[in-house]
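Biologist: I am new to this structure and would like a close look at one single part of it. Please start with one residue in a loop, and then widen the view to what lies around it and to the protein as a whole.

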Amino acid sequence: MNTFYVTTPIYYANSLPHLGHLYTMIVADTISRAKRQRSIDTYFLTGTDEHGINIERAAQKAGRTPKEQADYVVSYYKKMTSEFGLDTAHGGYDIFMRTTEPFHYQGVSELWRRIAKAKTPKGNDAIYKGHYEGWFCAACAEYKTEDEYQKPKNEGDPPTCLIHDTPLDRVSEESYFFRLSDYDEALLSVLEERPDFVRPDYRRNEVASFLRGGLQDLSVSRLKTSVSWGIPVPDDPAHTMYVWFDALTNYITAIGFGNEERQKVVGFDKYWPALHLVGKDILRFHAVYWPAFLLAAGIELPRAIVAHGMWLDPNGRKMSKTLGNTIELDILQKYFSIDSIRYFCLREMVFGQDGRFGYEGLIDRANSDLASGWGNLSSRTLTMIARYCDSRIPSGVIPEDKLLLAKRTGVDTDETTVAGFIELARDQFVHQFDNLAFSKALETAWSVVARVDKMITDAKPWDLAKDENQKQTLGVVLYRAAESLRWLSVLLYPVMPEASRAIWKQLGLDGSPAQIDPTQLKWGELKEGSTIGEVQPVFPRMDKAKIMSEISAPTEPSAVAPGPSEPSAPVVHATQADAVGVTSFIEIDDFAKVDLRVGQVLSAERIPKADKLLLMKVDIGEEQPRQILAGIAQYYEPEKLIGRKVVIVANLKPRKLRGLESQGMVVAASYGEEGRPVIATFTEDVPNGARLK
Ligand code: MSP
């Protein structure tokens with residue numbers, strides 16, 4: 001059967017959710033939406049890990065029972081998932097799994113019993129009773145070996161956890177052990193036979209080298225007198241199960257393992273094996289302990305364990321409350337659209353590696369890629385269809401008798417050029433998405449945005465609209481742009497469900513991009529003559545200076561730009577000016593004569609037989625972009641300039657170079673003997689057309 005099962009870790013119910021938790025949920029949600037689009041029956045699990053000493057202690061501190069503590073934290077998780085559109089009501093998870101569910105108790109007990117009866121690959125009992133002597137970190141819920149803790153400064157003090165910097169608990173008691181030491185070879189063979197079992201490959205290598213170092217048996221129970229908040233060991237209620245044994249098992253109990261009712265409602269046979277998404281911090285539990293438990297119980301191993309990196313602050317430091325560099329979920333919710341957060345998470349983190357998260361970066365991406373990118377392409381296209389085509393989707397075909405006429409405008413009369421480009425991009429996108437290379441997939445989608453933007457700019461629909469004979473040519477350009485938007489809405493739906501639906505609706509389409517399989521998209525299915533919806537900006541621009549001044553962001557103090565009302569200080573004082581070699585001065589009125597504007601390069605290309613010149617189209621906020629020639633071809637690759645913000649002298653008298661009119665000048669520094677140009681640009685986001693004063 002065509003099914004898919006994706007899981008996030010289940011989060012500790014001792015503290016409230018943060019960005020890291022939100023992130024893994026966003027990734028799982030995106031994957032499940034992409035699978036559902038392709039009619040794959042998908043089950044998406046997230047939830048909370050509610051047992052163990054750490055939750056017991058958090059509860060005690062808060063004056064609650066452990067269950068009350070768990071309920072309290074869960075209410076925050078539920079609120080977060082609803083506000084961020086990740087819950088069932090919004091098409092997100094299928095189950096918010098809680099390890100305090102009675103069916104989970106039943107399933108975990110069943111797994112324990114099975115393992116307790118099993119023999120290891122080396123013919124020994126898989127579980128045996130022994131005595132544990134060692135150190136335990138409550139926050140990691142993990143026993144620590146000598147190289148995993150910091151020795152105490154004063155003799156007699158406990159060692160501290162290298163991750164949490166908190167004192168470890170001494171454990172010396174009777175315990176059940178899982179004979180993990182008998183599973184190293186079996187697990188190594190799994191890694192060899194299934195190269196995709198642990199991903200990315202560098203994480204698989206880490207796991208393999210850990211296995212090659214040999215495994216120690218794992219203590220899988222605590223005396224109830226030490227840890228009472230846990231699931232009792234079957235037939236020995238004096239012991240509670242090790243919290244990771246209990247927690248990992250949630251992935252199968254949630255879908256019906258060990259409980260007939262759940263089995264009927266969901267179906268273990270239907271959905272198992274799962275793809276487990278985890279942070280790299282908990283890879284060992286998922287890639288070593290969990291498969292060993294399953295091997296022992298004779299249960300099929302997971303489909304894959306995929307470890308992602310961690311979010312760090314913009315300076316590359318771990319986020320922590322003490323450093324004050326965490327990302328607050330309520331700030332995200334207040335200032336940012338859900339889609340822009342989802343886009344940032346998937347675009348910014350190269351899946352597997354650590355990424356940096358800051359409010360500023362988020363605003364920049366939202367403005368450049370969404371407002372100026374996809375959003376602008378959409379409103380530009382739809383506004384022109386409204387204005388020039390009476391709000392109806394024009395025909396995508398140029399009639400035979402108009403072909404020659406169309407050719408004269410430079411518009412490509414062969415529609416397969418654009419169609420071929422977007423089809424190829426779609427194939428790449430789907431392939432990259434399937435490989436969880438989200439960042440690359442989004443780059444691919446943005447190559448379509450850039451390509452279609454360039455097609456519009458080159459075709460100059462505003463000129464075509466002036467000529468009644470070019471009506472069809474104009475229509476074809478706008479049809480291609482609109483059809484590309486339809487494709488983009490389908491491709492980008494799993495990442496940005498709301499925006500995709502909005503653009504879909506504005507295109508006047510029925511149904512939803514949620515139901516369209518991107519691999520089945522056919523060019524030309526956008527119906528000629530259909531009426532478009534009301535055109536509205538999907539990604540309004542974010543005022544960075546204003547938002548940053550409102551968000552108190554101690555990690556990014558330098559990021560706060562002066563508000564527009566502050567007087568602009570002179571940049572260069574006379575004395576300083578002398579020092580840098582300026583010899584004559586002008587009055588401020590002289591300077592005011594120069595109209596400097598912020599522009600954005602829409603296209604740039606070399607000019608045949610002119611090796612110094614680049615021909616650029618620059619958007620300076622006017623109805624049409626400016627055509628500007630710049631003598632920078634020896635120093636800049638034209639492709640790299642596209643999208644870049646530049647400074648344009650907008651009131652320079654147009655002049656002709658090589659027969660082409662240059663309608664302005666790009667400002668650049670010039671240095672060295674050869675006068676090497678370095679284009680002036682902005683490090684902060686600024687709208688096209690803004691005046692420099
Ligand atoms: N309860 C265990 C998991 C049991 S799974 C059977 C646990 N819980 S946790 O609350 O600590 O969550 C850890 C997970 O949260 C990480 O593996 C990761 O998915 C996510 N993240 C926590 N901090 C993160 C970042 N800073 N960045 C990205 N993800 C992070 O471990």
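Modeller: Glutamate 50 is a suitable place to begin, and in this predicted model it counts as buried because its relative accessibility is 0%, where buried means under 20%. Glutamate 50 belongs to the loop between β2 and α2, the latter spanning residues 53-62. If residues up to four places away in sequence are not counted, glutamate 50 touches Ala13, Ile55, Ala70, Val74, Arg98, Thr99, Thr100 and Trp229.

The strand named on one side of that loop, β2, covers residues 41-49, and threonine 42 has its place there. Threonine 42 is also buried, since its relative accessible area is 5%, under the 20% limit. The side chain of threonine 42 reaches the backbone oxygen of isoleucine 40 at 2.8 Å, and, leaving aside neighbours within four places in sequence, threonine 42 is in contact with Phe4, Ser32, Lys35, Arg36, Asp94 and Tyr271.

From β2 the view can pass to the ligand, because strand β2 runs over residues 41-49 and aspartate 49 has an N or O atom in its side chain that is 2.8 Å from a nitrogen atom of the ligand. A nitrogen atom of the ligand is likewise 2.8 Å from a polar backbone atom of tryptophan 311, while an oxygen atom of the ligand is 3.4 Å from an N or O atom in the side chain of histidine 21. Taken alone, the ligand exposes 670 Å², and the protein buries 91% of that. Two or more residues of the shell around the ligand come from each of β1 (3-12), α1 (19-37) and α7 (243-248), with β1 giving the largest share, four residues. There are 21 residues around the ligand, and those that come nearest are Ile10, Thr24, Asp49, Asp281 and Trp311. Sorted by class, this shell holds 11 nonpolar, eight polar and two charged residues.

Elsewhere in the chain, helix α13 (residues 338-348) is largely enclosed by the rest of the structure, because 10 of its 11 residues are buried. The buried residues of α13 include Ile338, Asp339, Arg342, Tyr343, Phe344 and Arg347. Two of these names, Asp339 and Tyr343, return among the contacts of methionine 496, which, apart from neighbours within four places in sequence, also touches Leu370, Trp374, Trp446 and Phe539. Methionine 496 is in turn one of the residues that touch the most other members in the largest nonpolar core, a set of 107 residues in which Leu332, Phe336, Phe357, Trp374 and Trp446 share that standing. Apart from this core lies another one, of 75 residues, with Ile115, Tyr132, Leu211 and Phe293 among them. In soluble globular proteins, nonpolar side chains tend to be buried together.

For the protein as a whole, 53% of the 693 residues count as buried, and the secondary structure comes to 24 helices and 27 strands. The C-alpha atoms fill a box of roughly 90 × 70 × 45 Å, taken along the principal axes. Among contacts between residues at least 6 apart in sequence, 73% join residues at least 24 apart. The protein exposes about 32,000 Å², of which carbon and sulfur atoms supply 50%.

Note on methods
Residues are numbered from 1 along each chain as its sequence is written. This is a predicted model: local features need pLDDT of at least 70, side-chain atom pairs count only at pLDDT 80 or more; totals for chains, interfaces and linings use all residues. Side-chain values use heavy atoms; hydrogens and water are left out. A residue is near a molecule or strand if one of its heavy atoms lies within 4 Å of it. A polar contact is a pair of N or O atoms within 3.5 Å; within protein, one must be able to donate a hydrogen and the other to accept it, and residues adjacent in sequence count only if both atoms are side-chain atoms. Accessible areas come from the Shrake-Rupley method with a 1.4 Å probe; for residues, only the protein chains shown count as cover. Ala, Val, Leu, Ile, Met, Phe, Trp, Tyr, Cys and Pro count as nonpolar, Asp, Glu, Lys and Arg as charged, and the others, Gly among them, as polar. Buried means under 20% relative accessible area, exposed over 50%, partly exposed in between (1.4 Å probe, protein chains only). Contact means heavy atoms within 4.5 Å. A nonpolar core is a set of buried Ala, Val, Leu, Ile, Met, Phe, Trp, Tyr and Cys residues joined through side-chain atoms within 4.5 Å.
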